[in-house]
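Visitor: I've got a chain to look over with you. Can we go through it bit by bit?

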Amino acid sequence: MERLAVAKVNLGLSLLGRRPDGYHELHTLFAALSFGDRLFLEPIPEGIEFRGRYGRRNLAYRAAEAYLEAAGWPGGVRIVLEKALPEGAGLGGGSSDAAQVLLGLTELYPAEVDLPALALALGADVPFFLQGGAAEARGVGERLRPLALPSLPVVVFAPGLRLPTPRVYGEVKPHDFGPDLPVAEIVAALEAGEEPPYWNGLEGPAFRLYPELKEVKARLRALGLRGVLMSGSGSAFFGFAQSPEHAQEVVAVLRRTGFARQGTLGG
């Protein structure tokens with residue numbers, strides 16, 4: 001069984017404040033893209049055989065372990081993970097891998113398992129990847145409302161700088177907090193091909209830690225992309241191209257200095 005674990009971008013991310021549990025209350029729009037990692041799952045009599053980085057610490061391995069344990073170990077699985085997405089880039093690669101393992105195992109070994117609960121226990125972004133598409137998210141990203149978005153050509157660029165999520169959140173100051181995102185206005189702007197009125201509250205903390213990221217954002221704008229924004233806690237940025245041909249031209253320039261891919265918004 002082959003499964004595609006797609007990347008995501010955040011079409012805006014507002015930090016509403018710090019919660020009593022130490023996490024931050026978020027308001028964001030998740031959007032799946034059309035490219036990502038590939039996983040191959042094969043049933044085996046017992047246990048988990050995993051081929052990929054980090055072994056048992058990999059989120060895909062942990063997802064398999066969580067599902068099979070919840071299902072009563074009806075059998076085992078061999079997993080081969082072919083990474084295409086950069087790590088520490090805010091594209092959700094590890095969470096997407098985990099979600100696809102969960103979904104694949106429901107096909108290999110159907111069982112009465114609370115999949116959303118397993119997903120949330122693995123990571124805040126994993127529940128989104130169970131449904132894919134696009135969604136408005138609140139809480140730490142687990143409270144989801146499906147959203148309809150237009151299909152648009154998008155360019156994603158990661159400059160090769162890994163930003164540990166805890167470090168970026170650790171840099172958050174009270175002045176980084178903001179109001180709810182204007183969801184209706186963002187969707188309307190995307191549909192009209194205009195600059196979306198969104199922001200990412202984590203850009204300030206990330207730019208303070210790595211000032212060179214400001215130059216990355218400016219460079220993407222200079223290449224004619226609109227709506228350029230950092231995704232999640234970075235270091236990847238995305239922007240919308242005027243056409244698939246424009247996206248291809250931009251990627252050809254950017255891939256000399258980092259990870260660059262063109263795709264389609266909405267998976």
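Visitor: Where is the place of His246?
Guide: His246 is in helix 9, which covers residues 244-254. Keep in mind that this is a predicted model.

Visitor: Is His246 buried or exposed?
Guide: Buried. Its relative accessibility is 11%, and the cut-off for buried is under 20%.

Visitor: What is His246 in contact with?
Guide: Leu223, Gly224, Leu225 and Ala241. That leaves aside neighbours within four places in sequence.

Visitor: Switching to Lys8. Where is that?
Guide: Lys8 sits in strand 1, residues 2-18.

Visitor: Which side chain of opposite charge is nearest to Lys8?
Guide: Asp125, at 4.2 Å. Lys8 is buried but has no salt bridge. The reason is the cut-off: a salt bridge needs the nitrogen within 4 Å of a carboxyl oxygen.

Visitor: So what does the Lys8 side chain reach?
Guide: The backbone oxygen of Gly90, at 3.0 Å.

Visitor: And what else does Lys8 touch?
Guide: Beyond four places in sequence, its contacts include Phe30, Ala31 and Ala32. Leu91, Gly92, Ser231 and Gly232 are also among them. So are Phe128 and Phe129.

Visitor: Those Phe residues again. What links Phe30, Phe128 and Phe129?
Guide: Ring pairs do, and they make a cluster of the three.

Visitor: How many aromatic pairs are there?
Guide: Six. One of them joins Phe50 and Tyr61. Their ring centres are 6.2 Å apart and the planes are at 85°, so that pair is edge-to-face.

Visitor: Where do Phe50 and Tyr61 sit in the chain?
Guide: Phe50 is in strand 3, residues 48-51, and Tyr61 is in helix 1. They are 11 residues apart, and the pair links distant parts of the chain. Both Phe50 and Tyr61 are buried.

Visitor: On to the nonpolar cores. How many residues does the largest one have?
Guide: It has 35. Tyr67, Leu102 and Leu105 have the most contacts inside it. Helix 1, residues 59-70, gives the largest share, with seven residues.

Visitor: Take Leu102. What does that touch?
Guide: Not counting residues up to four places away, Leu102 touches Ala63 and Tyr67. It also touches Leu115, Leu118, Ala119, Leu122, Val126 and Leu130.

Visitor: Which residues does the second core include?
Guide: Leu147, Ala158, Val187 and Leu190 are in it. That core is separate and has 28 residues.

Visitor: Any general background on such cores?
Guide: In soluble globular proteins, nonpolar side chains tend to be buried together.

Definitions and conventions
Residues are numbered from 1 along each chain as its sequence is written. This is a predicted model: local features need pLDDT of at least 70, side-chain atom pairs count only at pLDDT 80 or more; totals for chains, interfaces and linings use all residues. Side-chain values use heavy atoms; hydrogens and water are left out. A nonpolar core is a set of buried Ala, Val, Leu, Ile, Met, Phe, Trp, Tyr and Cys residues joined through side-chain atoms within 4.5 Å. Buried means under 20% relative accessible area, exposed over 50%, partly exposed in between (1.4 Å probe, protein chains only). Helices (H or I, at least four residues) and strands (E, at least two) are DSSP runs, numbered from the N terminus. Contact means heavy atoms within 4.5 Å. Lys and Arg count as positive and Asp and Glu as negative; His and the chain ends are not counted. A polar contact is a pair of N or O atoms within 3.5 Å; within protein, one must be able to donate a hydrogen and the other to accept it, and residues adjacent in sequence count only if both atoms are side-chain atoms. Rings of Phe, Tyr and Trp (its six-membered ring) pair if their centres lie within 6.5 Å; planes under 30 degrees apart count as stacked, over 60 as edge-to-face and the rest as tilted.
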